[in-house]
Amino acid sequence: MLDRIRQLLDDRANQHVGYLAEFENPGALYDAVKSLRKKGYPRLDTFSPFPIHGMDAAMGLPVSKLGFLVFGGGAMGASLGVLMQWWMGGVDYQINVSNKPLFALEASVPIIFELTILFSALTAVGGMLALNGLPRPYNPLFYSERFGRATDDGFFLHVAEADTAFTSNGTASDLFGLGALAVEHITHEGATELDSSGAPVASATSGEPVLAVSGAAPVTPSHTTGEI
């Protein structure tokens, strides 16, 4: 069981190993997604400070399953409300009040309504977290310093290495050709900035690839040891 959980977490982390490109504005990001989809890239992900109208369709995302889950949760809550009140008042603890029915659906509506809302809300929150693979304490994208602006004023597009159309030099060239301001190669070791050919951008002082580590200034490997 633990091995299965570890494998699932590894698979989710590997989804974000690939190229991360930054674009100037929502329109540029939207156009880039549409162009890459036409070129046969099926595994794209976008990150922006706010929802971009039409992005789901541009990415080819299917209809969310969350609505069906919420409907099921609400139906379960309503059914539980009916069953609970019928059992309590009509079977388990019968009280004759002015010869009124032991159980009446009309009088049970408030509790049914409350449980419907409660179960729907809990299912919506739990389903959203599950479908998005959250919580996710670790994500390789966090190695990119640029990516911190995804919640402020940055617009990012990620192409997974597992994408069938992904190539190290061709994908970088495609991204720059679509107007990317910068492209980084995201791995489990860090984020390396790339040029339009897909080669690492060399440091002006050392000539070594520049590695950007999350939460720290970019650093370069040592000349002698190759360690950071």
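Before I turn to particular residues, let me say that helices and strands here are DSSP runs, with at least four residues for a helix and at least two for a strand, and that they are numbered from the N terminus. Please keep in mind throughout that this is a predicted model.

With that naming in hand, I would like to begin at Glu184, which has its place in strand β4, the run of residues 182-186. Is Glu184 buried or exposed? Its relative accessible area is 5%, and because buried means under 20% on this scale, Glu184 counts as buried. The side chain of Glu184 also has a partner, since a polar contact of 2.4 Å joins it to the side chain of Ser144.

From there, let me move to the nonpolar interior. The largest nonpolar core has 22 residues, and within it Leu157 and Leu175 are the ones that touch the most other members. The elements giving two or more residues to this core are β1 (18-23), α2 (26-38), α3 (55-59), β3 and α6 (168-177), and the largest share, four residues, comes from α2. If we look at Leu175 on its own, and leave aside residues up to four places away in sequence, we find that it touches Tyr19, Ala21, Phe23, Leu36, Leu157, Val159, Ala180 and Val183. Apart from this core lies another one, of eight residues, including Leu20, Phe47, Ala150 and Ile186.

Turning now to the surface, which residues form a nonpolar patch there? They are Leu83, Trp86, Trp87, Met88 and Val91, and together they have about 500 Å² of accessible area. Val91, one of these, sits in helix α4 and is partly exposed, with a relative accessible area of 34%.

Finally, I want to point out some backbone details, and for these a general remark helps: most residues other than glycine have a negative phi, and most peptide bonds are trans. In the loop between α4 (66-92) and α5 we meet Ser98, whose phi is near 55°, a positive value in a residue that is not glycine. Asn99 lies in the loop between α4 and α5 as well, and it has a positive phi of about 60° although it, too, is not a glycine. Ser98 counts as exposed at 65% relative accessibility, and Asn99 is likewise exposed, at 65%.

The last detail concerns a peptide bond, the one from Leu134 to Pro135, which is cis, with omega near 0°. For anyone looking for Pro135 in the model, it lies in the loop between α5 (105-131) and β3 (155-160).

Note on methods
Residues numbered from 1 in each chain as written. Predicted model: local features only at pLDDT ≥ 70, side-chain atom pairs only at ≥ 80, totals over all residues. Heavy atoms only, no water. Buried < 20%, exposed > 50% of the residue type's maximum accessible area, 1.4 Å probe, protein only. Polar contact = N/O pair within 3.5 Å; in protein donor to acceptor, adjacent residues only side chain to side chain. Patch = residues over 30% accessible without salt bridge, like charges linked within 9 Å, V, L, I, M, F, W, Y side chains within 5 Å. Areas by Shrake-Rupley, 256 points an atom, 1.4 Å probe, with all protein chains shown as cover. Salt bridge = Lys/Arg side-chain N within 4 Å of Asp/Glu carboxyl O. Core = buried A, V, L, I, M, F, W, Y, C linked by side-chain atoms within 4.5 Å. Contact = heavy atoms within 4.5 Å.
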